[in-house]
Amino acid sequence: MKTAAAICALALAGLAVVWAAGSQAPWLPECPLHKWTGLLCFGCGGTRATQVLLHGDWAASLRCNALLLPFAAWLLALCLIRRTSVFNATLYTGLAVLAAFMLLRNIPLPCFDCIRPGMGWQ
């Protein structure tokens with residue numbers, strides 16, 4: 001129980017820092033995958049999405065990273081699931097969704113523009 005409380009406290013502290021500093025703070029790290037290869041990972045745009053979501057702009061959050069809220073719900077579900085078979089199914093399904101999202105957002109076709117950071121449903 002103490003570990004869960006510590007994790008929640010750290011997460012809230014991180015959210016407070018992102019809310020106060022904004023997503024363009026110079027100390028925020030760049031995505032190593034994008035920096036080295038030019039490819040977008042499933043998390044690219046996640047800091048900006050979190051920052052604008054914390055300021056109440058849901059639409060801008062979706063434009064930055066459409067998977068932010070489903071990813072958070074998936075992580076929460078993984079923390080709450082106790083049965084091994086359900087946990088494994090949830091884990092592998094989520095990992096497949098993350099892989100598909102990453103693959104699709106890197107295909108240079110206009111139909112996938114809506115899942116690239118900053119492009120979204122405009």
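A residue is counted as exposed when its relative accessible area is over 50%, and as buried when that area is under 20%. These classes are applied below to a predicted model.

The chain contains six helices and zero strands, and along the sequence the elements follow the pattern α-α-α-α-α-α. Of its 122 residues, 25% are classed as buried. The area exposed by the chain is about 8,200 Å², of which 73% is supplied by carbon and sulfur atoms. Among contacts with a separation of 6 or more, 49% are made by residues 24 or more positions apart.

Helix H6 comprises the 22 residues 84-105. At 1.5 Å a residue, a span of 32 Å is expected for H6, and the distance of 31 Å between its end C-alpha atoms agrees with this. The buried residues of H6 are Gly94, Leu98, Phe101 and Arg105. These residues lie on the same side of H6, because the arc they cover around the axis is only 65°. On the other side of the helix, Thr84, Tyr92 and Leu103 are exposed. The cover over the buried residues of H6 includes two helices, H4 (58-64) and H5 (68-80).

Two of the buried residues of H6, Leu98 and Phe101, also belong to the largest nonpolar core. This core has seven residues, the others being Leu67, Trp74, Leu78, Phe112 and Ile115. At least two residues of the core are supplied by each of H5 and H6. For Leu78, a member of the core, contacts are found with Phe87, Thr90 and Leu91 when residues up to four places away in sequence are not counted.

The segment after H6 includes Arg116. The relative accessibility of Arg116 is 13%, and this residue therefore counts as buried, the limit for that class being 20%. With neighbours within four places in sequence left aside, Arg116 is in contact with Leu40, Arg63, Ile107, Pro108 and Leu109, and also with Arg105. Arg105 is itself one of the buried residues of H6, and the contact between Arg105 and Arg116 thus joins H6 to the segment that comes after it.

Key:
Residues numbered from 1 in each chain as written. Predicted model: local features only at pLDDT ≥ 70, side-chain atom pairs only at ≥ 80, totals over all residues. Heavy atoms only, no water. Helix = DSSP H or I, 4+ residues; strand = E, 2+ residues; numbered from the N terminus. Expected span 1.5 Å × (residues − 1). Buried < 20%, exposed > 50% of the residue type's maximum accessible area, 1.4 Å probe, protein only. Arc of directions from axis to C-beta. Contact = heavy atoms within 4.5 Å. Core = buried A, V, L, I, M, F, W, Y, C linked by side-chain atoms within 4.5 Å. Areas by Shrake-Rupley, 256 points an atom, 1.4 Å probe, with all protein chains shown as cover.
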